[in-house]
Amino acid sequence: MTGACQPRDGGPLALKLVNHGDGCEAEIKEIRAGEEYELTVRLRGPWRQPQFYNWIELETGVKEAPSEKLTISCRVEGP
């Protein structure tokens, strides 16, 4: 899964990956300094259930909201 992160009204971002739960790996890549970032999440199996729920915590570098916790959920279907 890949998604874009962009600032809204708090000024430029300085995103930094702080932590993520078990069962996934996360990588953040700066596209345009302080403006646009790409967040990639890779799930690691095996899973005991077809649903996957987890979280990623980011530091934002924005005074009004210094950190964000993103929830990840998906349905995993095998062959």
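Colleague: Leaving aside its neighbours within four places in sequence, with which residues is Thr60 in contact?
Modeller: In this predicted model, Thr60 lies in the loop between strand 5 (51–59) and strand 6 (67–75). Once the neighbours within four places in sequence are set aside, the residues in contact with Thr60 are Leu13, Ala14, Leu15, Ala65, Pro66, Ser67 and Glu68.

Colleague: Is Thr60 buried or exposed, and what is its relative accessible area?
Modeller: Although Thr60 belongs to a loop, the one between strand 5 and strand 6, its side chain has a polar atom 2.4 Å from the backbone oxygen of Ala65. Buried means under 20% relative accessible area, and Thr60 is therefore counted as buried, its value being 5%.

Colleague: Which residue is the bridge partner of Leu58 in strand 6?
Modeller: Strand 5 and strand 6 run antiparallel and are joined by 9 bridges. Within this pairing, the residue of strand 6 that forms the bridge with Leu58 is Glu68.

Colleague: Which strands stand at the edges of the open sheet with the order 2-5-6?
Modeller: The sheet is open, has 3 strands in the order 2-5-6 and is paired in the antiparallel sense. Each edge strand has a single partner strand, so one side of it is left without a neighbour in the sheet. From one strand to the next, the twist averages 30°. The strands at the edges are strand 2 (16–20) and strand 6.

Colleague: Which residue in the hairpin of strand 3 and strand 4 takes a positive phi?
Modeller: Strand 3 (residues 24–32) and strand 4 (residues 36–43) pair in the antiparallel sense over 8 bridges, and in this pairing Lys29 stands opposite Glu38 of strand 4. The hairpin has 3 residues between the strands, and the residue with a positive phi, near 70°, is Gly34.

Colleague: Which elements give two or more residues to the largest nonpolar core?
Modeller: The largest nonpolar core has 12 residues in all, made up of Leu13, Leu15, Cys24, Ala26, Tyr37, Leu39, Val41, Phe52, Ile56, Leu58, Val62 and Ile72. The elements that supply two or more residues to this core are strand 3, strand 4 and strand 5. In soluble globular proteins, nonpolar side chains tend to be buried together. The elements asked for are thus strand 3, strand 4 and strand 5.

Colleague: How far apart in space, C-alpha to C-alpha, are Gly45 and Cys24?
Modeller: Gly45 lies in the loop between strand 4 and strand 5, and with a relative accessible area of 48% it is partly exposed. Cys24, by contrast, is one of the residues of the largest nonpolar core. The two residues are 21 residues apart in sequence, and their C-alpha atoms are separated in space by 8.4 Å.

Colleague: Is Glu77 buried or exposed, and at what relative accessibility?
Modeller: Glu77 has its place in the segment after strand 6, and its C-alpha atom is 9.6 Å from that of Gln49, a residue 28 residues apart from it along the chain. Exposed means over 50% relative accessible area, and Glu77 therefore counts as exposed, at 64%.

Colleague: What share of the contacts in the protein with a separation of 6 or more comes from residues 24 or more positions apart?
Modeller: The protein has 0 helices and 6 strands, and of its 79 residues, 24% count as buried. Among contacts with a separation of 6 or more, the share that comes from residues 24 or more positions apart is 50%.

Terms used: Residues are numbered from 1 along each chain as its sequence is written. This is a predicted model: local features need pLDDT of at least 70, side-chain atom pairs count only at pLDDT 80 or more; totals for chains, interfaces and linings use all residues. Side-chain values use heavy atoms; hydrogens and water are left out. Two strands pair if DSSP finds at least two bridges between them. Helices (H or I, at least four residues) and strands (E, at least two) are DSSP runs, numbered from the N terminus. Buried means under 20% relative accessible area, exposed over 50%, partly exposed in between (1.4 Å probe, protein chains only). A polar contact is a pair of N or O atoms within 3.5 Å; within protein, one must be able to donate a hydrogen and the other to accept it, and residues adjacent in sequence count only if both atoms are side-chain atoms. Contact means heavy atoms within 4.5 Å. A nonpolar core is a set of buried Ala, Val, Leu, Ile, Met, Phe, Trp, Tyr and Cys residues joined through side-chain atoms within 4.5 Å. Axes are lines fitted to C-alpha atoms, for helices over the stretch in contact, and angles run from 0 to 180 degrees between N-to-C directions.
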